[in-house]
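Let's walk through this structure together, one region at a time. Keep the 3D view open and turn it as you read.

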Amino acid sequence: MGFSLRCASVLVPFPFNNKRNRGLLRAQLSDENDPLLRLAINSASLRLQETQRREPLFMDPYAGCLVPPHTRLNFENSSKHYCIATKFIDDKLLRTVNHMDGLKQVVLFSDGMDTRPYRLNWPSSTIIFDISPERVYQNAIEKLQDVGAKIPRSCLFLHIPLESSNIQEALHMKGFNGNRPSILAIQGLPLMTLVSFKEILLTVSGMAMDGCLFLGELPAWLAETKIGTKSSTEKWMDNLFMSNGFKVNMVSYHKVAKSLGKALKLGDHKYILFVAEQLRFSDDQMETWKIESQRVEEDRKGEDFE
């Protein structure tokens, strides 16, 4: 059985705001040819391929259990971009959380087979939230448990189904705190339209406190629905992210590859690598500010009465 290495995107109902769509998704995901499952396996096969190189960019000891036997591994240029991005995201996540004091919060928007919770050396007191398609996640977690994959000691891993009607509320129910630092990353999350990504970005904007980072990979067709050239893509990214409170920078795959001692072929690539910094208060910060302002106002009125 062979898969193409990287799918541009998978068209799925999103964000599943009604029972009819959620039922449709479950019916599709029971099929062995489910496109979401295929997409996740494709990415896992790329990590397996990289792990088997003589000098790998990273090691993923769990990718093998996620890839069906006899899956054909290709060596196309797109696979190198994926692995360069994966290494970049890995390093940025770890550098950031290692500079956080106390409780550390990591949110991963993934395809359901992201092994970062298991393969990265997270510092103690790290809580990792995975947001991904439920069916793919359940498929992966069974295989990972079978091979003994474990989260680092003193860390916690929690899953939130992508199909949740309100992801931000679901995160709060699991213990996410918008008054504390966090870092959020996206790679492999199935997106249907530009509108679906805007909804994710709005959710992230409400969760992340000022100064927090949101980074990862986006399919380039999101920008192509509006524009095409690199300069116009940068302007489109700036406008989209700034409208949600983020200052964003597009990251060059070639520069990252060069810093790692690797080379990439010139040519079009179907993904955008980015890092964005939150400039606004999170919803939790705003609520805390309102409560504190009300308390100060009530104290002032009490002093005036006396």
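**From the sheet outwards**

A good place to begin is Leu108, which stands opposite Ala185 of strand β4. This pair belongs to the meeting of strand β1 (residues 104-109) with strand β4 (residues 182-186), which run in the parallel sense and are joined over five bridges. As you look, bear in mind that the model is predicted. As a reminder, strands of a sheet pair through backbone hydrogen bonds, either parallel or antiparallel.

Now zoom out from that pair. In what order do the seven strands form the open sheet? Reading across, the order is β3-β2-β1-β4-β5-β7-β6, and the pairing is mixed. At the edges you find β3 (156-161) and β6 (246-251); each has a single partner strand, so one side of each has no neighbour in the sheet. If you ignore direction, neighbouring strands are turned by 20° against each other on average.

For the wider setting, the protein chain holds 12 helices together with its seven strands. Of its 306 residues, 52% are buried. Contacts tell a story about sequence separation too: among those in the protein chain with a separation of 6 or more, 79% are between residues 24 or more positions apart.

Next, look at the helices that lie over the sheet. Helix α6 (residues 134-146) crosses β2 (126-132) and β3, and its direction makes an angle of about 145° with β3. Helix α7 also lies across β2 and β3, here running at about 150° to β3.

Stay with α7 for a moment and follow its packing against another helix. Two packed helices are described by the angle between their axes and the distance between the axes. For α7 (residues 167-174) and α8 (residues 194-207), the angle is about 40° and the axes are 9 Å apart. The two helices are therefore oblique to each other. On the α7 side, Ile167, Gln168 and Leu171 take part in the contact, and they meet Ile200, Thr203, Gly206 and Met207 of α8. Sorted by character, the residues of this contact are four nonpolar, three polar and no charged.

**Following the charges**

Charged side chains come into view elsewhere. How many salt bridges does a search of the whole structure find? There are seven. One of them joins the side chains of Asp60 and Arg119, with an N to O distance of 3.8 Å. Asp60 sits in the loop between α2 (35-51) and α3 (63-66), while Arg119 is in helix α5 (residues 116-119), so this salt bridge ties together parts that are 59 residues apart in sequence. Are the two partners buried or exposed? Both Asp60 and Arg119 are buried.

Arg119 has another partner: it forms a salt bridge with Asp90, where the closest N and O atoms are 2.8 Å apart. This pair also links distant parts of the chain, since Arg119 in helix α5 and Asp90 in helix α4 are 29 residues apart. Arg119 has a relative accessibility of 14% and so counts as buried, and Asp90 is buried as well, with a relative accessible area of 3%. Salt bridges that share partners bring Arg47, Asp60, Asp90, Asp114, Arg116 and Arg119 into one network.

Helix α4 offers a local example to set beside these. Lys87 and Asp91 form a salt bridge in which the closest N and O atoms are 3.3 Å apart. The two residues are four apart in helix α4 (residues 77-97), which means that about one helical turn separates them. Asp91 has 24% relative accessibility, so Asp91 counts as partly exposed.

**Two serines in loops**

To finish, turn to the backbone. Most residues other than glycine have a negative phi, and most peptide bonds are trans. Ser125 has a positive phi, near 65°. You can find Ser125 in the loop between α5 and β2, and with 35% relative accessibility Ser125 counts as partly exposed. Ser154 also has a positive phi, near 65°. Ser154 is placed in the loop between α6 and β3, and is exposed, with a relative accessible area of 56%.

Technical notes. Residues numbered from 1 in each chain as written. Predicted model: local features only at pLDDT ≥ 70, side-chain atom pairs only at ≥ 80, totals over all residues. Heavy atoms only, no water. Axes fitted to C-alpha atoms, helices over the stretch in contact; angles between N-to-C directions. Parallel < 35°, antiparallel > 145°, perpendicular 65-115°, else oblique. Contact = heavy atoms within 4.5 Å. Nonpolar A, V, L, I, M, F, W, Y, C, P; charged D, E, K, R; others polar. Pairing = 2+ DSSP bridges. Salt bridge = Lys/Arg side-chain N within 4 Å of Asp/Glu carboxyl O. Buried < 20%, exposed > 50% of the residue type's maximum accessible area, 1.4 Å probe, protein only.
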